[in-house]
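Got your viewer open? Here's a walk through the model, one selection at a time.

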Amino acid sequence: MPDDILLCLSTCPDPATAAAIAGVLVDESLAACVNQLPGVRSTYRWQGAVHTDEEVLLVIKTTAGRFDALKTRLLALHPYELPELVALPVTDGHAPYLDWVRAHAAAAATASRP
C-alpha cells in the first residue's frame, strides 16, 4: 500500500554529506523526517578488502509510495559508488506520528496533482 510507512537506512561518509542529503529529502517531501546519527563505525568488505570507517547513519521516515522517488534522489546525491539503502516496513507505532509521516512524505505528490 502506498501509504504504508517505511523506515529507511543509509550511511554517509561525513556529517556534511548526511546533512545535505537529509535536507533535500525533507525539502522535496520525499521523507517526513531524517535523523542523522554520527559516530557509526562500519566494518565491511569492499573490493576484496575489509574496511572500517566512521560514518553517519541516516534514519529516513517515508511512505512506500514515495520510496522509488526517494531512492532515485538519494542515489543521485550520494557520493558512494554503492550507497546503502534498505527499507524496513513499520508495522505499528503511535498513530498520530504515523499520520504525520504520511502527510509530510506525500506533500509534494499531493501538491503537484491537478
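Start by selecting helix α3, residues 95-105, and show the side chains of Leu98, Val101 and Ala105: these are buried. Helices here are DSSP runs of H or I with at least four residues, strands are runs of E with at least two, and both are numbered from the N terminus. Buried means under 20% relative accessible area, exposed means over 50%, and partly exposed is in between, using a 1.4 Å probe on protein chains only.

Before you go on, keep in mind that this is a predicted model, where local features need pLDDT of at least 70, side-chain atom pairs count only at pLDDT 80 or more, and totals for chains, interfaces and linings use all residues. Residues are numbered from 1 along each chain as its sequence is written, and side-chain values use heavy atoms, with hydrogens and water left out.

**Next stop: helix α2**

Select residues 67-77, which make up α2, and pick out Phe67, Leu70 and Leu74, its buried residues. They span an arc of only 60° around the axis, so they sit on the same side of α2. That arc is taken over the directions from the helix axis to the C-beta atoms. Now flip the view: the face turned away from the buried side of α2 carries Asp68, Thr72 and Ala76, which are exposed. What covers the buried residues of α2? The cover includes β1, α1, β3 and β4 (86-89).

**On to the strands**

Colour β1 (residues 5-12) and β3 (residues 49-63): they pair in the antiparallel sense over eight bridges. Strands count as paired if DSSP finds at least two bridges between them. To find your place on β3, look at Val56, which stands opposite Cys12.

Then add β2: 12 bridges join β2 to β3, and these strands run antiparallel too. Trp46 has Ala49 in β3 as its bridge partner. The two strands form a hairpin with two residues between them.

Zoom in on Gln47, in the loop between β2 and β3. Is Gln47 buried or exposed? Gln47 is exposed, at a relative accessible area of 65%. Its phi is near 50°, a positive value in a residue other than glycine. For context, most residues other than glycine have a negative phi.

For another positive phi, of about 55°, select Ser29, which is not a glycine either. You'll find Ser29 in the loop between α1 (15-27) and β2. At 11% relative accessibility, Ser29 counts as buried.

**Along β2**

Back on β2 (residues 33-46), click Val40. Val40 is partly exposed, with a relative accessible area of 22%. Leaving out residues up to four places away in sequence, Val40 touches Asp53, Glu54, Glu55 and Leu57, where contact means heavy atoms within 4.5 Å. Try a C-alpha to C-alpha distance as well: Val40 and Val56 are 16 residues apart in sequence and 5.8 Å apart in space.

**Last stop: the largest pocket**

Select Thr11, Ser42, Tyr44, Arg45, Trp46, Glu55, Tyr80, Glu81, Leu82, Pro83 and Glu84 to see the lining of the largest pocket. The largest share of that lining, four residues, comes from β2. A pocket here is an open set of points on a 1 Å grid over the protein atoms alone, where a 1.4 Å probe fits, with protein on both sides within 12 Å along at least five of seven lines; lining residues have an atom within 4 Å of a point.
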